[in-house]
Amino acid sequence: MITRVLLVDDEEAFVEALARRLTQRGLDVSVVYSGEEALKRIPKDPVPDVVVLDVKMPGMDGIETLKAIKSKWPLIEVIMLTAFGTIESAIEGLHMGALDYLMKPCEIEVLVAKVTGAKAKKAAQEMKIAEARALSIALRRGD
């Protein structure tokens, strides 16, 4: 199954180049340039499996965007990406539910591996939810 990735970064040239490189590796990539755009794009079909989110953006920054994503779509995995990393922002992002935190520029294969791992984690969570629902239905029917 294909992995759907949403890249969120205000640096257009960077994000377009990154999108091309990820698409060449078999990922289904969409791009937006702000946190506000990300929140409008996410509910549209197809919903992304993984969001790669820049921390420093004008307007709604990455931490605010992460909080909104996790409150509305808790199964979407988020990988924070920044050129201006600090220990504090890394800890805050991880505390708010980000799966991982990478520094720009990162090796494309490292990012692909993180995205692949994030998709696997999301799929495992979805499987557990489906199993719990099936068990709940079976118990209600008396199976």
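**Close-up views of a predicted model**

**View 1. Leu7 of strand 1 stands opposite Val31, a residue of strand 2.** The model shown here and in the other views is predicted. Strand 1 and strand 2 (residues 28-32) run parallel and are joined by five bridges. Together with helix 1, these strands form a β-α-β unit, and the unit is right-handed. Strand 1 is mostly covered, with four of its five residues buried.

**View 2. Strand 1 also pairs with strand 3, again in the parallel sense.** Four bridges hold this pairing. One position to look for is Leu6, whose bridge partner in strand 3 is Val51. Strand 1 therefore has pairings with both strand 2 and strand 3, since two strands count as paired when at least two bridges are found between them.

**View 3. One cavity of 30 Å³ or more is present in the structure.** The largest cavity holds about 40 Å³ of space. General background helps in reading this view: rolling a probe the size of a water molecule over the atoms shows where empty space is left. Which residues line the largest cavity? They are Leu7, Val8, Asp9, Phe14, Val15, Leu18, Val52, Asp54 and Leu81. Strand 1 (4-8), helix 1 (12-24) and strand 3 (50-54) are the elements that each give two or more residues to this lining. The most comes from helix 1, which gives three residues. Sorted by class, the lining has seven nonpolar residues, two charged residues and no polar ones. Leu7, shown in the first view opposite Val31, is among the lining residues.

**View 4. Ile79 is a buried residue of strand 4.** Its relative accessibility is 0%, so Ile79 falls under the 20% cut-off for a buried residue. Leaving out neighbours within four places in sequence, Ile79 is in contact with Val50, Val51, Val52 and Leu53, and also with Asp100, Leu102, Lys114, Val115 and Ala118. Among these partners, Val51 is the bridge partner of Leu6, and Val52 lines the largest cavity. Ala118 is 39 residues away from Ile79 along the chain, and the C-alpha atoms of the two are separated by 8.3 Å.

**View 5. Thr65 lies in helix 3 (residues 62-72).** Is Thr65 buried or exposed? With a relative accessible area of 0%, Thr65 is buried, because this value is under 20%. When neighbours within four places in sequence are set aside, the residues in contact with Thr65 are Gly35, Ala38, Leu39, Leu53, Met57 and Met60. Leu53 is also in contact with Ile79.

**View 6. Two cis peptide bonds can be examined here, one between Asp45 and Pro46 and one between Lys104 and Pro105.** As a general rule, most peptide bonds are trans. For the bond joining Asp45 and Pro46, omega is about 0°. Pro46 sits in the loop between helix 2 (35-41) and strand 3. For the bond joining Lys104 and Pro105, omega is about -15°. Pro105 belongs to the loop between strand 5 (100-103) and helix 5 (108-141).

**View 7. Ala83 lies in the loop that runs between strand 4 (77-82) and helix 4 (87-95).** Its relative accessibility is 39%, so Ala83 counts as partly exposed, a class between 20% and 50%. Not counting residues up to four places away in sequence, Ala83 touches Met103 and Lys104. Lys104 also takes part in the cis peptide bond with Pro105. Thr3 is 80 residues from Ala83 along the chain, and 25 Å separates their C-alpha atoms.

**View 8. Leu139 is an exposed residue of helix 5.** Its relative accessible area is 60%, and Leu139 counts as exposed because this is over 50%. Asp49 is 90 residues from Leu139 in sequence, and from C-alpha to C-alpha the two are 31 Å apart in space.

How values were computed. Residues are numbered from 1 along each chain as its sequence is written. This is a predicted model: local features need pLDDT of at least 70, side-chain atom pairs count only at pLDDT 80 or more; totals for chains, interfaces and linings use all residues. Side-chain values use heavy atoms; hydrogens and water are left out. Buried means under 20% relative accessible area, exposed over 50%, partly exposed in between (1.4 Å probe, protein chains only). Contact means heavy atoms within 4.5 Å. On a 1 Å grid over the protein atoms alone, a cavity is a set of points where a 1.4 Å probe fits but cannot get out, and a pocket is an open set with protein on both sides within 12 Å along at least five of seven lines; lining residues have an atom within 4 Å of a point. Grid points are joined across faces, edges and corners, and a volume is the space filled by probe spheres set on the points. Ala, Val, Leu, Ile, Met, Phe, Trp, Tyr, Cys and Pro count as nonpolar, Asp, Glu, Lys and Arg as charged, and the others, Gly among them, as polar. A crossover is right-handed if, with the strands pointing away from the viewer, the path from the first strand over the helix to the second runs clockwise.
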